[in-house]
Amino acid sequence: MLLQVVSTISNSSLLQPGFSLLNFDGHVFLFGQKGWPKRSCPTGVFLLDFKQNELKMKPATFSKDSCYLPPLRYPALCTFQGSAESDEDQYIIHGGKTPNNDLSDKIYLMSLVSKTSKKTTFQCIEKDLGGDVPQARYGHTINIVYSRGKSVSVLFGGRTYTPLAQRTTENWNSVVDCVPSVFLIDFEFGCCTSYMLPELQDGLAFHVSLARNDMVYILGGHSLQNNTRAPSLYRLKIDLPLGSPSVTCSILPGGISVSSAIVTQTSDTEFVLVGGYQSDNQKRLACNTIVLEDGRIEIIERASPDWTPDIKHCRIWFGCDMGKGSVLLGIPGASKQLVSDANYFYILRCKGAEDKEEEVTAQICSQTLTEDLGDSTPFEDSEEFCFSAEASSFDIDENDTYNEDDEEDESETGYWITCSASCKVDINTWVPFYSTELNKPAMILCSNGAGHWVHAQCMDLSESMLLHLSEANVKYFCNEHVDLNKGLQTPQKLAQLKKQPMKPLRKKAAMKLTTPVKKSFLRRLFD
């Protein structure tokens, strides 16, 4: 195994934990980076050009019939052959974190339309699904299996946010493990079916999955509920008869306690597992060879590369499979650097990577080499756009046009937003304001229109009032919309009862009154 240093570039800050790499015909593309310069590259997809150990990034374009694709981080993706007539592979992309830290439940198909020396064009299509549609999540995997001449996608694991109905001020931004359901997705008919298997007890986020023919192997993963990385190894067998599919699960021995590892394929049946985490504070520097053959799996420990001192001593690392037995690794840069979020990058070339590539039916799917470590690391998972590259630093086709309407998804609310004109929250200097805050600023939902999140601190809400509103079943309107919804203010104002004015007493009626009665009545009437 050969570890090679990649020269840093001015735009390397775009590569942050959670990115994905797509390999089309040997060309590697970056997807899901942080702080993408959307004015320079509306698609957010870049060709990674490695020449003489130097990394350059060239923006790619989408065809006119493509849908909007946000730069998702920690999605599940795998390759998929669209039809028997076409040899070209497509990428399936599901879930992930949106630019504003919300979660996506959408699924996309991305294919290469054309590539020249100056321009690469992709087509991206959003697929409509029915049935048991998987909920929004990240840190999960998706694979393709083949049985009886048919194919189906298998989705499993991941993490999601606490449902809105269960959120309080204390846990409104909490992350939970997904229910350990196995989803089969049929792209031909656009339907999903979920299966609950007794062998699977945890959602196992940031696990590794490998698929070959009609079997999927699930290795490692992290359980938030138990805070464990159990040495688990499961085998899912998918049978696709003419009727309903059949899914069975077996627990196998010889698993590995690891999360967020990367798997790269080196031959028809051989894969290499790199890195990951053994615990919250300990990286896994060991490597393994994984062999899938004749319906069985074999995991063998292998010699590790000569890790540099920087890699050995850093707390976190991240990366992704580049294809053809190569892995792109990144570690945080030194704090003394002028650019605070700059990173160092390496390419790990595994043995057999130079061999002639063979056509195989094996699929691999692993998460990028860092799980969501939260605010305990310098790499905050918030995603307010910070343009770290100038437009002039990219080669732009002058004929490319920018359609601002395509970015409607960026309006989805998240933790680090400008919630109002007087918003006080700065992602660089934010400190807890309420005693109930843990890692993110407390927010409250404004019920105006479709609803939107605002920071409780910016709305000048006291902590007692915030707790009351989070527990009470009332509507809240932010400072900018409260005047538009006076009838629904929180707390709602009680309407004053209108008093009917008394009709003046006619003169004739007053004369009929006896003198004592008339005097007392008129006194009370005009007093």
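1. In this predicted model, strand β9, covering residues 107-115, pairs with β10 in the antiparallel sense, and seven bridges link the two. A hairpin of four residues carries the chain from β9 to β10, and within this pairing M110 stands opposite C124 in β10.

2. Strand β10, residues 120-126, also has a parallel partner, namely β6 at residues 61-62, to which it is joined by two bridges. Here F62 stands opposite F122 in β10, so that β10 can be inspected through M110 and C124 in its pairing with β9 and through F62 and F122 in its pairing with β6.

3. Turning to the chain as a whole, its secondary structure comprises four helices and 33 strands. Among contacts with a separation of 6 or more, 61% link residues that are 24 or more positions apart.

4. Of the 527 residues in the protein chain, 50% are buried, while the area that the chain exposes comes to about 26,600 Å², with carbon and sulfur atoms supplying 50% of that area.

5. Which residues have the most contacts inside the largest nonpolar core? They are I444, V454, M459, L461, L466 and Y476, in a core of 21 residues. At least two residues of this core come from each of β32 (443-446), β33 (452-455) and α2 (463-471), and β32 provides the largest share, at three residues.

6. Apart from that core lies another, made up of 19 residues, including L184, V216, Y234 and V247.

How values were computed
Residues numbered from 1 in each chain as written. Predicted model: local features only at pLDDT ≥ 70, side-chain atom pairs only at ≥ 80, totals over all residues. Heavy atoms only, no water. Buried < 20%, exposed > 50% of the residue type's maximum accessible area, 1.4 Å probe, protein only. Contact = heavy atoms within 4.5 Å. Areas by Shrake-Rupley, 256 points an atom, 1.4 Å probe, with all protein chains shown as cover. Core = buried A, V, L, I, M, F, W, Y, C linked by side-chain atoms within 4.5 Å. Pairing = 2+ DSSP bridges.
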